[in-house]
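Grab a coffee and let's look at how strands sit next to each other in a protein. Have the model open and turn it as you read.

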Amino acid sequence: MSAPKQAAPCWRKRASRCPDIAAGGGTMRSIPILLSQALLALAPMLICPVDAAAAAAAAAPAEADTVLLEVRLGRHLLSEAVNAYQYPHGVFLPLGEMARLLTIAIKTEPGAGRAGGFLLNEQRTFNLDVPRAEAIVDGRRDTLDRSMVRVEADDIYVASTLLARWLPVDLAIDLSSLSVMVTPRATLPLQAGLDRQDRGKRAGAAGAFDPVDPNYPRVSTPYALGGVPFIDQTVAVDLLRTPARRQADASYTAYLTADLLGAQAALFASRSLRDSAGASLRLTMGRHDPDAGLLGPLHARSVQAGSVQVPGIDNISYSSATGNGAAISNRPLDQPTRFDRHSLQGDLPPGWDVELYYNNALVGFQQSRADGKYSFDDQPLAYGPNEFRLVFHGPLGQLRVERRSFLLEGSAVPAGSVFYDVSAHRNVAGHNRFAARLDWGVARFLSASAALTQSPVGDADHRYSHLGLHSYWQAFILSGEMARDGAGGTLAQLTLKTQLAGLALSARRARMDGFTSEAFPARLDPVRTRDELRVDGAVDAAWLLPLPLSLQVRRDTFASRLQATEVLARVGLYSGGTALSNSVRWQSLAGARAADGMLQLSRRVAGLGISGQLQYTIVPQHALSTLALTLDHKLYDGYLVNLGAVRSFDDGQYRVTGSLNKSLGSYGLGLSAFYSSRHEAGAGIQLFLALGREPRQGQWMADAQPIAYSGSASIRVFLDKNLNGVMDDGDEPIKGAGFTVNGGNHLARTGATGIAYLNRLPPNANVDLAVDPSTLEDPQWVARTKGVRVVPRPGKVTQLEFAINITGEVDGTAFLLAGGVKRGIGELQIELVDTDRRVAASVRSTSDGYYVLPYVLPGRYLLRISPEQLKRLKLEDTGMHLLTMTHDGDTLNGRDFVIVPAAE
């Protein structure tokens, strides 16, 4: 029986913790020579203005790390990215933004350092005056500790512990996943709306809090024949000393993204001076469009050539992450890669590692490979919510989080729709792989699938055909699939998924007849049937938070009727910044039994992180295998101290490591060392530098965090005095303007030139950008375009312009004249119609007939009562108003209406 896949040890063998310096022949070489040779490759890319690097360093807050946190209320996602500041003594959250997300009536005035409003009801007042170091919360006056508050241009940032005392919520911050979990101590206005949303969904299906689509117009970013690339690059020098030899090595790794020949290009390159044969070079070119606008009638969403992946087919082939070929697909990017399974793959530079969490439980861990990729293939999906979180750890203490969320019962192919993908490549082993998949929405609750694939089995390539039928009925998902090997073997499989008592259940049975594949290789005693049962979910305990658990049982029956059974169980716990999980694996084959387990502990609060892992065996004997412990502590200015130890109980060996890393500012730098009980010692130095160019001002930007993988935008905001929408002579740049990204505030602000640079935008996805009106100097200033939708891409800066106009307002009174009596009339719909006969704005009159139309942009308008309303109420107006709003922002008073019954 083959050993099952299990999460690899969380002990990270990266430069900051455990320099994995390979042993080999050779004599000690001069370190200055090695370093100069490695830096020689960097020279063209390191030539940039010194003041630009200094400006990039100054952009980071002094003595604090800026982080983007996900905010959740129970099962609901309130925001994907809230700005926060991380200090060694705590995390500071934006008061105004958190109040807005939680629908608490508190408004902040960052310029004055004040905030005011009330908590839940108007009797529970709230006032904050930072200059006077005073806070009034629910009628109580408190002296404010100024070290707990930070006033910025966009908001007032408050230590999370203090904010939780002010607001009626508990805040649990998990820096390992960059998330904030909100637990209300009293019912929030927001919760009523979320409860209604839940009732509108299928029973037991958890959904995210989806913001209203603003329906902004899409602005395209044209592809160029070439461009200056964005680059993430690392230079490392390592020394190793053993009782037998001394050894030195230098290496260079680069990841570049840019437009090239009208496509999006990504290049990965790495080389080691000691192992030149292991050099790697990988190029991928293509285009991506989430709105399926590629290749005309094919409506493709992704077209790629070069190094592409070939997805796996259930029971037939495994996903192949790297190989030279081509791929095309029209599948939505927010759906699973195939029915009830999802593969997560991407770039992982040397020295990095990645953890995979599924529904808040750690399920996988991978270190960087020689090809610079990671791959979590064919992760099973359960009925209900499926939330994946990828946590990337850099060698210098960098942290990046990516999230994928699927609701399996909501991912059915819409009736009449067809999703397809075709991919082929030749992998590094010389095998040709091919996969063509198609899904068709037959009816509302029924879809069909088909696939043709070629993959290696041993030394021969096999071809397969695959058919499937999937039914979604009430709380059940039923799937039947058949596969045929070109050599004549067949496989049939039946799957049932449902949910019971909050737990996702999955049962599967497969039967093989002469069938061989990568999943079922040829053997003397082949597998005839495979039965699987899986339970996923969370168990509520009265005295604890929900405990995420997973139980999987698999039984293989062979042609000789011999049976092999495997049981995998996992339970986790998260509370107060501490995460604990335990996994156990039990196997049985022909009377032989084996069992082992792994206990993992992680606690990360503010700048202190502790993690540990204990591997042990249960059967045939009780014994400890390996113990690993690490301690991280954040210092000021982005410095990180790391200490670690690994002990192997089998042979009594141990290894201790230590490092000091700098991960903020214009570059990252790490110093590390280790010593083992085998009298091996080593030391290393690593330099990381990310470079990108802002095209509008021609400035180079240097960063200690990766930037080549994400999108960015350069936005100019100006006061459009001549109303032509273009910045020209006479128009003025606006300083201090802020922006919203997908509804959340962004830290970037425009400078004296009216230009702001927004980095780390989600790549190849729709992103809604708008000017935040609360950051504009004059309340009568309004952006002529409310917002735009763009698709950022790596290595390309999207350039946008926001014209700001001075607006005016119109007021008046609507009167009803009936029976000779004239009185104000309420609830009349007053409409402002522009020269294109579109309703530019509307408002309803109050009970006394008074109305105000604010924020009227310059132009010519017709002011009227809604014709449809007049017809419905059998009323007539006695006249309309022609208006001209100038660019100076006039106030047009007394635009009254007199309404009479139609009979009069």
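Start with strand β29 (residues 476–485), where the side chains take turns. I477, S479, E481, A483 and D485 point to one face and are buried, while F476, L478, G480, M482 and R484 point to the other face and are not. Here, buried means under 20% relative accessible area, exposed means over 50%, and partly exposed is in between (1.4 Å probe, protein chains only). In a regular strand, side chains alternate between the two faces of the sheet. Strands are DSSP runs of E with at least two residues, numbered from the N terminus.

A word on where this comes from: it's a predicted model, in which local features need pLDDT of at least 70, side-chain atom pairs count only at pLDDT 80 or more, and totals for chains, interfaces and linings use all residues. Residues are numbered from 1 along each chain as its sequence is written, and side-chain values use heavy atoms, with hydrogens and water left out.

So who does β29 pair with? Two strands pair if DSSP finds at least two bridges between them, and β29 has these antiparallel partners:

| Partner of β29 | Bridges | A bridge pair |
|---|---|---|
| β28 (residues 460–473) | 10 bridges | Y472 and I477 |
| β30 (residues 490–500) | nine bridges | L478 and L496 |

Both links are hairpins. Between β28 and β29 there are two residues, and Q474 takes a positive phi near 50 degrees. Between β29 and β30 there are four residues, and G488 in the turn has a positive phi of about 115 degrees.
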